Each structure stands twice: as C-alpha cells, then as structure tokens.
Amino acid sequence: MIQYLDNIHHKDSKNFFLIAGPCIIEGEDMALKIAEKVVELTNKYNIPYIFKGSFKKANRSRVDSFTTIGEEKSLEILKKVGETFNIPTTTDIHENEHAALAAQYVDVLQIPAFLVRQTDLLVAAAKTGKCVSLKKGQFLSPESMKFAVQKVTDSDNPRVAIIERGNSFGYTDLIVDYRGIPTMREYAPVILDVTHSLQQPNQSSGVTGGRPDLIETIAKAGIAVGADGIFIETHPTPETALSDGANMLRLDLLEDLLQKLTRIRESIL
C-alpha cells in the first residue's frame, strides 16, 4: 500500500510502516501535538508513517458514548495534519457517502472490522481511488479476507491492505492468531492493529476495557512473524481520552517501543 502514497517518508528503508494517532480527533492542538511527536520518532528510526484519527465513531457500546467534535471539523483537522507535516493521513468510514466525503481530506480510507463484509461500502471506498485498509472482522478467518480484498481490486483499485485486529475469544476478550498474518499477506500487505487487538469488549459497564500492558508483547510478535505494518493508537494521557483510552499507548512510551520493534525488524531481514 505505501508504494501508492507519494507523501510517505522513508519508503525505501525496508522498515515496517506505522499507522498511529488518537482513537478519535479530539481537537486540532492535540492532533498536531501527537503528529509532531510521532513524526519526530519515525524520522529518527526511518519508519514510514501514516497519521490516524477517526473523524466520527459510529460503533459505540452506548448511545451516550462520545462520537465526534463535528464531522467536517475533524476532517479539516486531518487535512491540516497532513499538510503541516507532509504525511499521509487515514480515517475510518461507516457509511457509503462517507467514502467520497473523507476522500477529499485523507489519503487512506479504513473500513471498520464490523463492516468489512459490506460490499457497497468497500466498493464506494475503492471507487474513490484512495488507498483502502480493511480491518479483518473479529468473526472472520484469515482466508475469508481474500474476498474482501477482491471486492476492492475488482473495483479497479489495487491500493489495498488488510488490518489484523484479533478474533473474538469468548464474550469479552480477543486473541491474535499469528498464523493468519502470513496467510493474509498472500492477498495484500498486512498491518497488525496492536491496541485494538488488546480490547476487552462487551463489559458490563458498557465501556470497552483493554490490556495496554501487553502492547509491547503483541507488537514484537507481529513484527517477528512478518507484519508489514503496525497500527497503534496513542494519546498523551489515555486516561482522559474521549474514546478507547483503556487500550491506548501513552505517547511518551512510544519511542522505546519503536526502537525495540526496529531492532526486531532488522534481525529478520
């Protein structure tokens, strides 16, 4: 996927690429602050970088959960991040009409896991000509992602990647089957979504839990088995984040993790 992004840096470094940012756009200052820090680190370690931030969250546990500061406002912030640092940006879309809307502001359209079988949504994203990342549903086998990829490529868009984010394990946990990464790499580049793989959904409180203490473990294993990219949601203070704070990585811990992952990547090349 990254070969199609003209504004991505360190493309020839042979390193894994990184998708990182807050779960949701909370405001311009915070988005720019996070992007500035991650750009600094990815330049230091020669990591291709795509900034991520949701312009709207549609899949919420409760009706009173935070969803957006405003759709157009959030998209404008994503555009400003991209222009300020000359980096590609990505956001998730949930409705067919979101594809054309978001494509005006970002470089990569992300399809959420629960919607990856929605043919019309995938085709709408593909028809924009933007890169499309497909989150594997928690209920799908790695082999079934071949057909999701085909929906994009059959729409005359080869710019597609798969995001692994774990499979449902009982009612309130997820587990990553690392055997699926080499399997899905036969269809498209594979990105391991580390932080969402550590979610603990369907909690009795209606607020998703998580295991951020295992971020390093999951990420190391993903690089070791050949993931092309790593997806990490990060925030200066996850405990105050408006969405998914329970499984995000604190921003000041990111450098140590990237340094370790870079070493693993070097050792397997």
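This tour passes through selected sites of a predicted model, with a suggestion at each stop of what to select next.

**Stop 1: Lys-52**

Select Lys-52, which belongs to strand E2, residues 49-52. Is this lysine buried or exposed? With a relative accessible area of 2%, Lys-52 is buried, because the limit for that class is under 20%. Now display its surroundings. Setting aside residues up to four places away in sequence, Lys-52 touches Ile-19, Ala-20, Gly-21, Pro-22 and Cys-23, and also Thr-90, Phe-231 and Glu-233. Within this group, pick Cys-23: its backbone oxygen lies 2.6 Å from a polar atom of the Lys-52 side chain. Then pick Thr-90, whose C-alpha is 4.9 Å from that of Lys-52, although 38 residues separate the two in sequence.

**Stop 2: Ser-54**

Move along the chain to Ser-54, in the loop between E2 and H2. Ser-54 has a relative accessible area of 0% and is therefore buried. Which side chains form polar contacts with that of Ser-54? One is Lys-57, at 3.3 Å, and another is Asp-92, at 2.6 Å. Draw both distances, then show the wider surroundings of Ser-54. Apart from neighbours within four places in sequence, Ser-54 is in contact with Pro-22, Cys-23, Ile-24, Ile-25, Thr-91 and Asp-92. Pro-22 and Cys-23 also appear among the residues that Lys-52 touches, so keep them on display for both stops.

**Stop 3: Phe-231 and Lys-135**

Return to Phe-231, one of the residues touched by Lys-52. Select its ring together with Lys-135. Lys-135 lies over the face of Phe-231, 4.6 Å from the ring centre.

**Stop 4: the aromatic pair**

How many aromatic pairs does the structure hold? There is 1. Select Phe-114 and Phe-139: their ring centres are 6.4 Å apart and their planes meet at 10°, so the pair is stacked. The pair links distant parts of the chain, 25 residues apart. Phe-114 is found in the loop between strand E4 (108-111) and helix H4 (119-127), and Phe-139 in the loop between strand E5 (131-135) and helix H5 (145-153). Colouring by accessibility places both rings' residues in the intermediate class: Phe-114 is partly exposed at 49%, and Phe-139 is partly exposed at 45%.

**Stop 5: helix H3**

Select residues 96-103, which make up helix H3. Its buried residues are His-98, Ala-99, Leu-101, Ala-102 and Ala-103. What do these residues pack against? Their partners are helix H2 (71-85), strand E3 (89-92), E4 and H4. Show those four elements as ribbons and the buried residues of H3 as sticks to view the packing.

**Stop 6: Val-152 in helix H5**

Continue to Val-152, a residue of helix H5. At 0% relative accessibility, Val-152 counts as buried. Beyond its neighbours within four places in sequence, Val-152 is in contact with Leu-122, Ala-126, Val-132, Leu-134, Asn-157 and Val-160. Choose Leu-134 from this set and display the C-alpha separation: Leu-134 and Val-152 are 9.5 Å apart by that distance and 18 residues apart along the chain.

**Stop 7: the cavity**

A search of the whole structure finds 1 cavity of 30 Å³ or more, and the largest cavity has a volume of about 30 Å³. Which residues should be selected to outline the largest cavity? Its lining consists of His-9, His-10, Val-39, Thr-42, Asn-43, Ile-47, Tyr-49 and Ile-87. Helix H1, residues 28-44, gives the most to this lining, with 3 residues.

**Stop 8: two positive phi angles**

The last stop concerns the backbone. Most residues other than glycine have a negative phi. Select Asn-46, in the loop between H1 and E2. Asn-46 is not a glycine, yet its phi is positive, at about 55°. Asn-46 is partly exposed, with a relative accessible area of 38%. Next select Asp-156, in the loop between H5 and strand E6 (160-164). Asp-156 likewise has a positive phi, of about 65°, although it is not a glycine. Is Asp-156 buried or exposed? Its relative accessible area of 67% makes Asp-156 exposed, since that class begins over 50%.

Technical notes. Residues are numbered from 1 along each chain as its sequence is written. This is a predicted model: local features need pLDDT of at least 70, side-chain atom pairs count only at pLDDT 80 or more; totals for chains, interfaces and linings use all residues. Side-chain values use heavy atoms; hydrogens and water are left out. Buried means under 20% relative accessible area, exposed over 50%, partly exposed in between (1.4 Å probe, protein chains only). Contact means heavy atoms within 4.5 Å. A polar contact is a pair of N or O atoms within 3.5 Å; within protein, one must be able to donate a hydrogen and the other to accept it, and residues adjacent in sequence count only if both atoms are side-chain atoms. Rings of Phe, Tyr and Trp (its six-membered ring) pair if their centres lie within 6.5 Å; planes under 30 degrees apart count as stacked, over 60 as edge-to-face and the rest as tilted. A charge sits over a ring if NZ of Lys or CZ of Arg is within 6 Å of the ring centre and within 35 degrees of the ring normal. On a 1 Å grid over the protein atoms alone, a cavity is a set of points where a 1.4 Å probe fits but cannot get out, and a pocket is an open set with protein on both sides within 12 Å along at least five of seven lines; lining residues have an atom within 4 Å of a point. Grid points are joined across faces, edges and corners, and a volume is the space filled by probe spheres set on the points.
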